[in-house]
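Please look through the sequence and the coordinates below before reading on. The paragraphs that follow begin with a single residue and then widen to the whole chain.

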Amino acid sequence: MTLDLGLTYDTSHERMQQAMDILRDIAADNENLEERVVTAFTAFNDFALNIRFIYYIRKGQSVFGVQTQINLEILRRFNEAGLEFAFPTQTIYTIPAEEG
């Protein structure tokens, strides 16, 4: 499975490393996954700093069941660590109309 996670642009490089460490720990703790795991800081996207997480589900396991386990654990651990997922944002500046 390949999962792309976007963290907010105010995430420090130490916190990006922490996020990747958490992902590796989640994979290591899940007996339904093979040992092969890839985590990488892959992109400076428009709205997020991107981390790619690739993991392999053991043969015979429920793909959706394991995917749900992994996603819930990511959500829990990232929330506990205060790591914020990014979402598209926009800043609009308005110029006041001249009074006349």
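Is Met 20 buried or exposed? Met 20 is buried, with a relative accessible area of 10%, where buried means under 20% relative accessible area, exposed over 50% and partly exposed in between, computed with a 1.4 Å probe and for protein chains only. The model is a predicted one, in which local features need pLDDT of at least 70 and side-chain atom pairs count only at pLDDT 80 or more, while totals for chains, interfaces and linings use all residues. Residues are numbered from 1 along each chain as its sequence is written, and side-chain values use heavy atoms, with hydrogens and water left out.

Met 20 belongs to helix 1, which covers residues 13-29; helices (H or I, at least four residues) and strands (E, at least two) are DSSP runs, numbered from the N terminus. If neighbours within four places in sequence are left aside, Met 20 is in contact (heavy atoms within 4.5 Å) with Thr 39, Ala 40, Phe 41 and Ile 51. Of these partners, Phe 41 stands opposite Ile 51, which is in strand 3. By contrast with those contacts, Asp 10, 10 residues from Met 20 in sequence, is 16 Å from Met 20 in space, taken C-alpha to C-alpha.

Thr 39, one of the contacts of Met 20, lies in strand 2 and is itself buried, with a relative accessible area of 16%. Outside its neighbours within four places in sequence, Thr 39 is in contact with Met 20, Leu 23, Arg 24, Arg 52 and Phe 53. The C-alpha atoms of Thr 39 and Asp 21 are separated by 8.4 Å, although these two residues are 18 residues apart along the chain.

The strands can be followed next. Strand 2 (residues 33-44) and strand 3 run antiparallel and are joined by 8 bridges, two strands being taken to pair if DSSP finds at least two bridges between them. These two strands form a hairpin with 4 residues between them, and Phe 44 has Leu 49 as its bridge partner in strand 3. Strand 1 (residues 2-7) is also antiparallel to strand 3 (residues 49-57), with 6 bridges joining the two. On that side, the bridge partner of Leu 7 in strand 3 is again Leu 49.

Which arrangement do the rings of Phe 53 and Tyr 55 adopt? Rings of Phe, Tyr and Trp (its six-membered ring) pair if their centres lie within 6.5 Å, and planes under 30 degrees apart count as stacked, over 60 as edge-to-face and the rest as tilted; by this rule the count comes to 3 aromatic pairs. Among them, Phe 53 and Tyr 55 form a tilted pair, 5.1 Å centre to centre with 40° between the planes. Phe 53 is buried at a relative accessible area of 0%, and Tyr 55 is buried at 1%. Another pair, formed by Phe 78 and Phe 85, is stacked, with 5.4 Å centre to centre and 10° between the planes. In this pair Phe 78 counts as buried at 0% relative accessibility, whereas Phe 85 is partly exposed, with a relative accessible area of 28%. A ring also takes part in a further kind of arrangement, since the charged end of Arg 36 sits over the ring of Tyr 56, 3.9 Å from its centre; the criterion is that NZ of Lys or CZ of Arg is within 6 Å of the ring centre and within 35 degrees of the ring normal.

For the protein chain as a whole, there are 2 helices and 3 strands, and they follow the pattern β-α-β-β-α along the sequence. The radius of gyration, taken over C-alpha atoms, is 18 Å, well over the 13 Å that the globule rule gives for 100 residues, so the chain is more spread out than a compact globule; the globule rule is 2.2 Å times the number of residues to the power 0.38. Along its principal axes the C-alpha trace spans about 75 × 30 × 25 Å. Of the 100 residues, 32% count as buried. Residues 24 or more positions apart account for 67% of the contacts with a separation of 6 or more.
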